[in-house]
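Visitor: I have just opened this entry and would like to learn how to read it. Could you walk me through some of its features?

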Amino acid sequence: MSKQQSTARSKSKTLFHLMNSVISKTLIPSISLRSSTRLTLTTNLPRHYKVHLPRLMSSESSQRLFQLKLDPLTGNSEWVVIEDNDELPGCSKEPLLASTSYLDMLNDSYRNKAYRLAIDKTVTKPCHVLDIGAGTGLLSMMAARAMGFNGTVTACESYLPMAKLMRKVLHRNGLGKAINLINKRSDELKVGVDIPSRADVLVSEILDSELLGEGLIPSLQHAYDNLLVGNPLTVPYRAVTYGQLVESTYLWKLHDLYGIEAKASDDFQECASKSHRETEVQIKVIDDGNIHALVSWWVLQLDREGTIFYSTAPRWINSPANIGNGNWCDHWKQCVWFFQGKGMPVSGGQEVLLEATHTETSVSYNLNVQVPQTDIRQHDYGVGDFQLLLSPERIATYGDSEWRLSMLAAVRNALHGRVNTLCVVVDDSIFLTLLAVNLSKTSHVVSLFPGLREMGAQYLENVAKANDFSMDRAEVPEKRKACLTLHDTHGRKVDMLIGEPYYYANEGMLPWQNLRFWKDRTLLDPVLSEDALIMPCKGRLKACAMSLPDLWSSRCCLGEVEGFDHTIVNTTLGACGELPSPKEGPCLPFSIWQCGEIKELSEIFTILEFDFSKPISSCHGKAEVQFTEHGMCHGFVLWMDWVMDAENSIVVSNGPDHRYWKQGVKLLSKPVAVGINGSKSASEIGSTVVEALFEPASSELIIKHAFS
């Protein structure tokens, strides 16, 4: 039998705001990973570096798009039409752009100033300037002003909702006729048709955290061939990617499921985790340790002379070029590249070879360090190789001993005393499926896997072979169904309905959107037995008042940005601050531990409780909150606690103390000074009332608050 391998594998790269507390050791000084590359063009794709933007599909006309609208409680989606002269039908336009990085980027004063200085230095006389990926038009307006409004500016923005918003910004600043806005991709532009002549200057900024992920290289080539004069001027001019090899137990846990499981006490394996990487840099190690990952960032040189820079380096890097890394922002982060296994042991003074290469849209790395023979991870499988790609946070969750033991205890207790149980795993939990099969020799397990589908079924088969047990008592329906019927269960009623809950398509979304579990439980109500066990049995919406100055500054309302009025974009981009009544900033998902400076100002409190023993229904809750610390309150952090058993003894929390989940953040329109009742000053507020309303029909959770 050939040696073949099936793995649950984390993504080869993830993004972080890295802090010293995450990094155990830096094993090499920072290095340039490849030679400097002159930047001459960036792509015109929408800026959506960290978020799940609804899918958009163009029709033949450039003035119409189809937006894919997702209902997180059902997993269903539908296409709605966006016309050039219409608002978004059937849904608010705010969520579409509120979840992007536009607002955070426009609040990045270092970025804005660097571009303004570079454009003023580069565009010194009337000429033709091309702005690709124009966004709100900030760079276009800077270029027009630098020429004294006497030259030609062509702004290319392919993303229709943003192009519509840019028209409003240009009109607000009296530049509607001074800048020619074209709602097309840059590779669709033709000289003599869309633009009058080749452009003398390119200004653009569509760089992702990796640098190349927004299609930088192919857009460069097309623009040089078709849109720019020979030897054009460009802003920015050059970028250099840097990296540092680090030891970090935390980062290792995000990638090496096999190594973590080897230390777990439950003797249960979900399979290994491995990754593969691929220019060459000889590196001298400065300390003993294990190389777990490579942290990369880039430095942007915006002018030809090399006097204006912007950096995405982590804060522990000290360099004269690192302009911009002193302020917290969310639109660019550091990249973390994982290496194979439990780490590569190195000694101070040792040299290692780092191999780096890139495609048109991505960079990859490999360390030429021999992994010990004992770390080779292969299993004898009778089926072909198969890898299931999971997020690093999901890998870390499956490897977290506290989480595993909680799930193990919950499923074991649920199965206690039951025989011939029909158990339905309603979500995408591979772990619960395997637990249920292993802990009861008489149970039959049906896993719906609404997001994983065939991938989940194939993975289960391979895990069973790796762990040498039979999956005869587990099945995954061949076709996705809205709900099971008695026909599907062969006339049997369901005795147990369980979930973590975890939905493959919901990662990175607001934590309460996993209340899809409640919706699914309701749809399955006709096939549940009278004494069916539901796990989790409850959900609790928890919250804490917090000081979040960095996050609030990145999401606050815009006024003038480098001399141009941007107030008109605040509502559409989901800003917090002085919005026109009754507009409020939206709840957005963030990993709180990555949000810069943070401080808890109240005890953790419960706002709502959801009873999963009953069908889904509207819920309303209210909590009076006493502040326990003095400080500036910027908003409320919200998350879900999942009560796994009727005795309330096993609770799985998605709160800020648990780094593998995102929390929801409701920012205030204006920061409020708070204090402790009995010792607060006259200007401080001692308490507040927080209310929440959950409406299943609209899939919305509405949060309101009143300070007193």
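Visitor: Is the crossing of H3 and H4 left-handed or right-handed, and which is it here?

Guide: Keep in mind as we go that this is a predicted model. The crossing of H3 and H4 is right-handed.

Visitor: What is the angle at which helix H3 and helix H4 pack?

Guide: Two packed helices are described by the angle between their axes and the distance between the axes. Here helix H3 (residues 109-122) and helix H4 (residues 138-146) pack at about 35 degrees, and their axes are 9 Å apart. On the H3 side, the residues that meet H4 include Tyr115 and Ile119, and on the H4 side they include Leu139 and Met142.

Visitor: Let's turn to sheets. In what order do the strands S10 to S14 form their sheet?

Guide: To read a sheet, follow the strands from one edge to the other. This open sheet has 5 strands in the order S12-S11-S10-S13-S14, and the pairing is parallel. Its edge strands, S12 (179-182) and S14, each pair on one side only. Neighbouring strands are turned by 25 degrees against each other on average, direction ignored.

Visitor: Over how many bridges do S13 and S14 pair?

Guide: Strand S13 (residues 199-204) pairs with S14 over 4 bridges, in the parallel sense. To find your place, look for leucine 202, which stands opposite threonine 234 in S14.

Visitor: Which helices go with this sheet?

Guide: Let me show you two. Helix H5 (residues 160-172) lies across strand S11 (152-156) and S12, running at about 165 degrees to S12. Helix H6 (residues 216-226) has buried residues, among them Leu216, Leu220 and Ala223, and the buried residues of H6 pack against strand S14 (228-235).

Visitor: Why does threonine 154 count as buried?

Guide: Burial is judged by relative accessible area, and the cut-off for buried is under 20%. Threonine 154, found in strand S11, counts as buried because its relative accessibility is 0%. Its side chain is joined to that of histidine 128 by a polar contact of 3.0 Å. Beyond residues up to four places away in sequence, threonine 154 also touches others, including Val129, Asn180 and Ile195.

Visitor: In what order do the strands S26 to S30 form their sheet?

Guide: The order is S28-S27-S26-S29-S30, in an open sheet of 5 strands with parallel pairing. Strands S28 (474-475) and S30 (528-535) stand at the edges with a single partner strand each, so one side of each has no neighbour in the sheet. S27 (residues 444-447) pairs with S28 over 2 bridges, and valine 445 stands opposite alanine 474. Helix H13 (residues 516-523) lies across S29 and S30, at about 170 degrees to S30.

Visitor: What does the side chain of aspartate 495 reach?

Guide: The side chain of aspartate 495 reaches the backbone nitrogen of leucine 422, at 2.8 Å. Aspartate 495 is found in strand S29 (residues 494-498) and is buried, with a relative accessible area of 18%. Residues distant in sequence can meet in space: aspartate 495 is in contact with Arg418, although the two are 77 residues apart in sequence, and their C-alpha atoms are 9.1 Å apart.

Visitor: How many residues of helix H11 are buried?

Guide: In H11 (residues 430-439), 8 of the 10 residues are buried, so the helix is largely enclosed by the rest of the structure. The buried residues include Phe431, Leu434 and Val437. Serine 429 caps the N-terminal end of H11, with a side-chain oxygen 3.0 Å from the backbone nitrogen of leucine 432.

Visitor: Which backbone details should I look at?

Guide: Most residues other than glycine have a negative phi, and most peptide bonds are trans. In this model, a cis peptide bond joins glutamate 500 and proline 501, with omega about -5 degrees; proline 501 lies in the loop between S29 and H13. The bond from methionine 535 to proline 536 is cis too, with omega near 0 degrees. As for phi, phenylalanine 449 has a positive value near 40 degrees, and its relative accessibility of 0% makes it buried. Asparagine 648 has a positive phi near 60 degrees and is partly exposed, at 33%.

How values were computed. Residues numbered from 1 in each chain as written. Predicted model: local features only at pLDDT ≥ 70, side-chain atom pairs only at ≥ 80, totals over all residues. Heavy atoms only, no water. Buried < 20%, exposed > 50% of the residue type's maximum accessible area, 1.4 Å probe, protein only. Contact = heavy atoms within 4.5 Å. Polar contact = N/O pair within 3.5 Å; in protein donor to acceptor, adjacent residues only side chain to side chain. Pairing = 2+ DSSP bridges. Axes fitted to C-alpha atoms, helices over the stretch in contact; angles between N-to-C directions. Left-handed = near helix turned anticlockwise from the far one by under 90°.
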